[in-house]
Amino acid sequence: MRTKIIAGNWKMNMTGTAALDLIEAVKREVADVGKVEVVVCPPFTELKAAAAACAGSNVMLGAQNVHWAEAGAFTGEISAAMLQSAGVKYVIIGHSERRQYFGETDETVNKRAKAALAAGLIPIVCVGETLEERDDGRMEDVVVRQTKAGLDGLGADISRIVIAYEPVWAIGTGRTATPAQAQEVHALIRRTLCETVGGDVANGIRIQYGGSMKPENAKELLSQPDIDGGLIGGAALKAESFAAIIKAGV
Ligand code: PEP
């Protein structure tokens, strides 16, 4: 059985008190939720304070990016060791906004995933096709390529990763993949994992769905056999909607 994992991607939102208030509210809402892993991913500047706020609760901390180098002349970047020292456990890698606006490629995703794992962090590796790629009939090619290339050469550590299937056309658009559409791609990712690392490992890897998941559609999505959680953007910025999605996964 795979434990469901619901992670909130705050993107470039929330500062200071607002960030801490949101964490406190999430903690209150999910204090009794036992069967789901809960992760919040604030911006870098809030990580240390967020780690203190999460300590001793069932809310875990994630970051939104990590660089592959251990240290050095990489202005504006952040290393896995820096995230670790801030109290981070998870890190989102290869989000479509980073692929689209910041030149992220399958190769850099792979390097970031390796660095995160080497430092003991759990990467949440994002894959997903654009609307144009889906309409052109290239969804399968894109998702299989991103999965294989992003996870290439991770060795035994691959069993620790989380994958997030996020169709780009569903992110922040209010347009969600139907449960059947999402399940089809999750099963494709699982088959791809089976072919590369074998069934035992593949069946233990969690695959989240992301893209306009909200309280109204969460239960049906999360009840699909290969959907093991959610990566939540907009709905993670309010404790009530984030908690409702988490409870839908119990
Ligand atoms: C995301 O950015 O990872 C995401 C899924 O956003 P939203 O839930 O707002 O579509």
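This briefing walks you through a barrel, one of its helices and a bound ligand. Keep in mind that the model is predicted. Eight strands, running in the order β1-β2-β3-β4-β5-β6-β7-β8, close into a barrel with parallel pairing. On average, neighbouring strands of this sheet are turned by 25 degrees against each other, direction ignored.

**The barrel strands**

- Strands of a sheet pair through backbone hydrogen bonds, and the pairing can be parallel or antiparallel.
- For a worked example, look at β4 (residues 90–93) and β5 (residues 122–127), which pair in the parallel sense over four bridges.
- Find Val 91, and you will see Pro 123 of β5 standing opposite.

**Helix α5**

- Helix α5 covers residues 106–118.
- With 13 residues at 1.5 Å a residue, α5 should span 18 Å, and its end C-alpha atoms are indeed 18 Å apart, so the expectation and the model agree.
- Buried residues of α5 include Val 109, Ala 113, Ala 116 and Leu 117, and Asp 106 and Arg 112 are buried as well.
- The packing partners of the buried α5 residues are α3 (80–85), β4, α4 (96–101), β5 and α7 (139–150).
- After α5 comes Gly 120, which has a positive phi, near 90 degrees.

**Around the ligand**

- There are 14 residues around the ligand, and those that come nearest are Lys 11, His 95, Glu 166, Gly 172 and Ser 212.
- A polar backbone atom of Ser 212 lies 2.7 Å from an oxygen atom of the ligand.
- Two glycines also offer polar backbone atoms to a ligand oxygen: Gly 233 at 2.8 Å and Gly 234 at 2.9 Å.

Conventions. Residues numbered from 1 in each chain as written. Predicted model: local features only at pLDDT ≥ 70, side-chain atom pairs only at ≥ 80, totals over all residues. Heavy atoms only, no water. Pairing = 2+ DSSP bridges. Helix = DSSP H or I, 4+ residues; strand = E, 2+ residues; numbered from the N terminus. Axes fitted to C-alpha atoms, helices over the stretch in contact; angles between N-to-C directions. Expected span 1.5 Å × (residues − 1). Buried < 20%, exposed > 50% of the residue type's maximum accessible area, 1.4 Å probe, protein only. Contact = heavy atoms within 4.5 Å. Near = heavy atom within 4 Å. Polar contact = N/O pair within 3.5 Å; in protein donor to acceptor, adjacent residues only side chain to side chain.
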